[in-house]
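This report introduces a protein and its ligand to a reader who has not met them before. It turns to one residue and then to the ligand.

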Amino acid sequence: MTAKRVLIVGGVAGGASCAARLRRLDERAEITIFERGPDVSFANCGLPYYVGGVIQDRQRLLVATPERFRDWLRVEVRVRHEVQKIDRTNRTIEVQNLQTGGTVTEPYDVLVLAPGAAPLRPPLPGIDLPGIFCVRNLEDVDRIQAWIGGRKAERAVVVGGGYAGLEMVENLSRRGLHVTVLELLDQVMPTMDPEMVAPVHAELRSKGVDLQLSNPVAAFEPAGLRWPSRTGAGGEGLTVVARDGRRLTADVVILAVGVRPETRLARQSGLEIGSTGGIRVDDQMRTSDPVIYAVGDAVEVRDFVTGRPALIPLAGPANRQGRIAADVICGRDARFRGSQGTCVVGVFDLTLAMTGATEKTLQAAGIPYEKSYTHSPDHAGYYPGAGMMALKLLYAPRDGRLLGAQAVGAAGVAKRIDVLAMAIQKGATVYDLEEAELCYAPQYGSAKDAVNMAGFVAGNVLRGDVDPVHWTEWKARRLAPTEGRAPTEGRAPTEGGSGGEMPLVLDVRDPKEVAAGAVPGTVNVPLPQLRARLAELPRDREIWVHCGVGQRSYYAARILKQNGFKVRNLSGGMKTYKMQE
Ligand code: FAD
C-alpha cells in the first residue's frame, strides 16, 4: 500500500496539532504543511504579552519550528507558501511560493484546511492609514513594536473590547501608554452577560484607561501636524474620530473588532459553508468533500449547550479538532463534541472567565433557564489574601442540568470555570455541584468551595426551599407605569396597601451597612431582629428580601417562609445589584 499524502493548509494551532497527531498515528504518511506566514506553530495567545514586555524573548513564542517538525516528526513545513486554489476533481492544490512568486501543483489524498480567521477591518474612512494595526501573528507584533518604539508612542486607541482588545489594553498600559478603548456596545467582552463584566469596566477605569462604551470609531484621519509629546519625540499621529464626535489623538491604533473565518479556498472550491459563515463540517471534521477536512477558527461548530451552529474561535477547540481530524484520517472513530466557548481573560487585577451558554445565547435559542449569583471568597476567608469572586450559574429549571457559568474576581476564577466546564461537558446538574469533592486547604479554597456554594444556592431553588427573584425584575417593576400601585419608597414595612403589585423590598443587613449604601425604596430589618419584628411585615404582599451577597437573605427567606409570608430572595444581594447598576 502506498503512503497516504496529507497536505495541510495553515500551520498554527489546528494545522500543527493535526500534523503532529497524524505522524504519531501513521509513521508512513507523507505530511506537508503549507503556511503563508514565516512561522509555524507560534503562540498567538502570547502576542499581547510580548507587546507588553511580559514575554521578552521572541523565540519563546515559537512553540515549534519547521526544523523541529522535520527532525522530530518527519513533517515537511513550507513557510511563506500560500495555497491559492483547490482542484477537487484532480485532488490537487496550487501553491505559491511567496518568496519566489513561483507556483507549484501538489497532489493530495487527504487535504486539511486550517487557515484560521482573519481580523475584521471595517471599511471606515482612513482605515489604511499607517499606525493602525491588527494583532494576528508575530509579524504584526513586530510591526507594532517597531512603531511604538520608533515613535516613542504615548497614546493608543484600542478599537474593540473583546478579549484580544482587552489584552492589548493591559499590555499597552503596561508599556506606559495612555489607552482609550472605543467599543460599539455598552459592554466589553460581548460574549458574556453585561452584569458580569461591570467589574471589568470599573477595573479598566481605575487603571486610567479611558473606556468609551457605545461609542464606536467613525473614521481615522492623519493628525496633520506634529503634536508636542511629553518626551518631545512626538510623531505624525492619527486623529481617531468617534461616533459621538470626539476626536482622539493617537500614536498607535489597535483594531480588535473581531475575526471572520478564512473561507476563501473553501468557497472557491465549492465546499459547503454553514449559516454562520464558517466551513461546514461534520462531527469528524469532514467537509462536504469526504477527503477534505477543516479545523479551527475557519469552521462552524455545534454549540455544545444550545446545539446551534456557532463560530467559536478559540485555541483549545482548534487544537482538539486538529487532533480529531488526524484520528479520523487514520481510521479511528473520533468525534468532536462541540464547543462550549470556555475562555478566560485577565484584565489588570481581575480575571474573567466563562463556559457554556450565557443568558443572551439561551434567550436567542429559546431555552428555558434559571440563574443564580453567588459571591464567594477564592479561598478560606480566615487565610490572608482572600478575594471575592462573583459566579453566575445558568441551569435548566426542569432538572437542574448546567447550561453555563461565568465568573469574575481577583483570584481562583479560572479554576472554578474549569470545574464547571467539565461538569457541563459531562451533563452534570446543580445537585452534582453540591456533591462535588474538590481539593481544599485554606490558601487554595474553602471546605465549601465556590462551586459547591453555587450548587447549594441553585439546589435550594429547585427544591423549593427558596423562591428566587432577580434585580432585573425589580428594576423592570420599578420602571413599569406606577398607576394603580403605590411606590415602596419611604414606607414602613406595613404600609403600601394590599394587593399592590410592587413588593416590599426588605434589606436584612446591619444598619451600618445600610448607611454605607442601600437600594432605594427598601425597608431595613436586620436579620438578628427579624424573628421579633415579624408582626411589622405585611402578609398580603410579597416580600423580596436581600442582604450583602445572598446568605443572610436566604436565612431570612427561610424564617419568613416558615412563618407563612410570601417571600422571594433577591439573588446575589447588593453585590449583584451593584453589578447591574
Ligand atoms: P491560526 O492559528 O490562526 O492559524 C491559521 C494559519 O493559517 C495562519 O498562520 C495563516 O497564515 C495560515 N493560512 C491561512 N490561509 C492560508 C493559505 N491559503 N495558505 C497557507 N497558509 C494559510 N484563544 C484562546 O483560546 N485563548 C487565548 O488566550 C487566545 N488569545 C489570542 C490572542 C490573540 C492576539 C489572537 C490573535 C488569538 C488568540 N486566541 C486565543 C485565538 C487562537 O489563537 C485561535 O483560536 C487559534 O489560533 C485558531 O487556530 P487555527 O489553526 O484555526 O488558526
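## A threonine and a ligand site

In this predicted model, the side chains of T355 and Q340 form a polar contact at 3.1 Å. T355 belongs to strand β23, which spans residues 350-356. Its relative accessible area is 0%, and T355 counts as buried because that value is under 20%.

Setting aside residues up to four places away in sequence, T355 touches Q340, T342, G404, A405, I417, L420, A421 and I424. The C-alpha atoms of T355 and D418 are separated by 8.0 Å, although the two residues stand 63 residues apart along the chain.

The second subject is the ligand. It is surrounded by 27 residues, the closest being G14, E35, V83, D297 and A315. By class, this shell contains 16 nonpolar, 6 polar and 5 charged residues. The table lists distances between ligand atoms and polar backbone atoms of the protein.

| Residue (backbone atom) | Ligand atom | Distance |
|---|---|---|
| V83 | nitrogen | 3.0 Å |
| L314 | oxygen | 3.2 Å |
| A315 | oxygen | 2.9 Å |

Taken alone, the ligand exposes 990 Å², and the protein buries 89% of that area. Two or more residues of the shell come from each of α1 (13-25), β2 (30-35), β4 (81-87) and α8 (315-329). Strand β4 supplies the largest share of the shell, with 3 residues.

Notes
Residues numbered from 1 in each chain as written. Predicted model: local features only at pLDDT ≥ 70, side-chain atom pairs only at ≥ 80, totals over all residues. Heavy atoms only, no water. Near = heavy atom within 4 Å. Polar contact = N/O pair within 3.5 Å; in protein donor to acceptor, adjacent residues only side chain to side chain. Areas by Shrake-Rupley, 256 points an atom, 1.4 Å probe, with all protein chains shown as cover. Helix = DSSP H or I, 4+ residues; strand = E, 2+ residues; numbered from the N terminus. Nonpolar A, V, L, I, M, F, W, Y, C, P; charged D, E, K, R; others polar. Buried < 20%, exposed > 50% of the residue type's maximum accessible area, 1.4 Å probe, protein only. Contact = heavy atoms within 4.5 Å.
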